[in-house]
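Hi,

Here is the structure I said I would pass on. Have a look, and my notes follow underneath.

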Amino acid sequence: MATILSPSSLLSSSVTTKIPPSPPPSSQPQLKILNYHKPLITTLTATLAAATILSAGPSHSIAESSYHIYYGTAASAANYGGYGGNSDPKSSAEYVYDVPDGWKERLVSKVEKGTNGTDSEFYNPKKRTEKEYLTFLAGFRQLAPKDLILNNLALSDVDLQDLIAGAEKLESKETKDEAGQLYYVYEIDGVGKHSLIKVTCAKNKLYAHFVNAPAAEWSRDEESLRHIHDSFKTVGAF
């Protein structure tokens, strides 16, 4: 029995002596890894947060300083192109509005000008449905009631008809500029689209300025689009 127990006890003691040294090496690197990972994770989190802020940008993508003024002459279809007229639109302008730098002008045809009165149009080349344009109609000495004006504008604009028909919200109000000129202002929140319209009468004409944008672009560029909308006004004598 003594000879049987003796190897067993030796084996037990040898195992016991080998086990204690092994935990310190395994625990020591773990503490070091945790110490290094904590600041690394913090740095990565801060970097990702900064990248998200930079990629998201401000609530509007068009900087307030990146506009130029468009001078509109509201020439008739017969005089479209300025043949025989004044080559400087600034001196003969009947209205003005701001255009974001980088937006493209769409040339209006004589037929379009003669049928629905479109005088000028600019659009965002990255989102062609984000645009502003102006129409005018001759023979209006003063503004009719707001509802009647909007309905008359829709007669020659199928897109406006559809927008009004499916509008989730339609608001209208009156406002005056610093010179006392009266304007009707409409805001239409439609299905997947938002529209701002500003209408006034001057020089025996009715001018209507439109700012349209899809819902996604409206959410992002609302402040800038409202700036464009507010910038429209007639110039010269009423």
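Asp221 is buried, at 0% relative accessibility (buried is under 20% relative accessible area, exposed is over 50%, and partly exposed is in between, with a 1.4 Å probe and protein chains only). Its salt-bridge partner is Arg220, with 3.4 Å between the closest N and O atoms (the criterion is a side-chain nitrogen of Lys or Arg within 4 Å of a carboxyl oxygen of Asp or Glu). Arg220 itself is partly exposed at 34%.

Before you read on: this is a predicted model, so local features need pLDDT of at least 70 and side-chain atom pairs count only at pLDDT 80 or more, while totals for chains, interfaces and linings use all residues. Residues are numbered from 1 along each chain as its sequence is written, and side-chain values use heavy atoms, with hydrogens and water left out.

Back to the charged pairs. The structure has 11 salt bridges. Another of them joins Arg106 to Glu112, with the closest N and O atoms 2.8 Å apart. Here Arg106 is partly exposed, with a relative accessible area of 24%, and Glu112 counts as buried at 19%. There is also a network of salt bridges that links Arg106, Glu112 and Glu121.

Then there is Glu174 with Lys146, whose closest N and O atoms are 3.7 Å apart. Glu174 sits in strand 6 (residues 169–176) and Lys146 in helix 5, so this salt bridge ties together parts that are 28 residues apart in sequence. (Helices, H or I with at least four residues, and strands, E with at least two, are DSSP runs numbered from the N terminus.) Both ends are described as partly exposed: Glu174 at 47% and Lys146 at 23%.

Helix 5 also has a helical neighbour. The axes of helix 5 (residues 146–155) and helix 6 (residues 158–165) come within 6 Å and cross at roughly 130°. (Axes are lines fitted to C-alpha atoms, for helices over the stretch in contact, and angles run from 0 to 180 degrees between N-to-C directions.) That makes helix 5 oblique to helix 6, given that under 35 degrees is roughly parallel, over 145 roughly antiparallel, 65 to 115 roughly perpendicular and the rest oblique. Which residues meet there? Leu150, Leu153, Ala154 and Leu155 from helix 5 meet Val158, Leu160, Gln161 and Ile164 from helix 6, with contact meaning heavy atoms within 4.5 Å. By class, that contact has 7 nonpolar residues, 1 polar and no charged (nonpolar is Ala, Val, Leu, Ile, Met, Phe, Trp, Tyr, Cys and Pro; charged is Asp, Glu, Lys and Arg; the others, Gly among them, are polar).

On to a sheet. Strands 1, 2 and 10 form an open, antiparallel sheet in the order 1-2-10 (two strands pair if DSSP finds at least two bridges between them). Its edge strands are strand 1 (67–72) and strand 10 (233–234), each pairing on one side only. Strand 2 (residues 95–100) is joined to strand 10 by 2 bridges, and Tyr95 stands opposite Thr234 in strand 10. Helix 7 (residues 215–231) packs on the sheet and touches strand 1, strand 2 and strand 10, with its direction at about 165° to that of strand 2.

One last residue: Trp103, in the loop between strand 2 and strand 3 (104–105). Trp103 is buried at 8% relative accessible area. Trp103 and Pro125 are 22 residues apart in sequence, with their C-alpha atoms 6.2 Å apart in space.

Cheers
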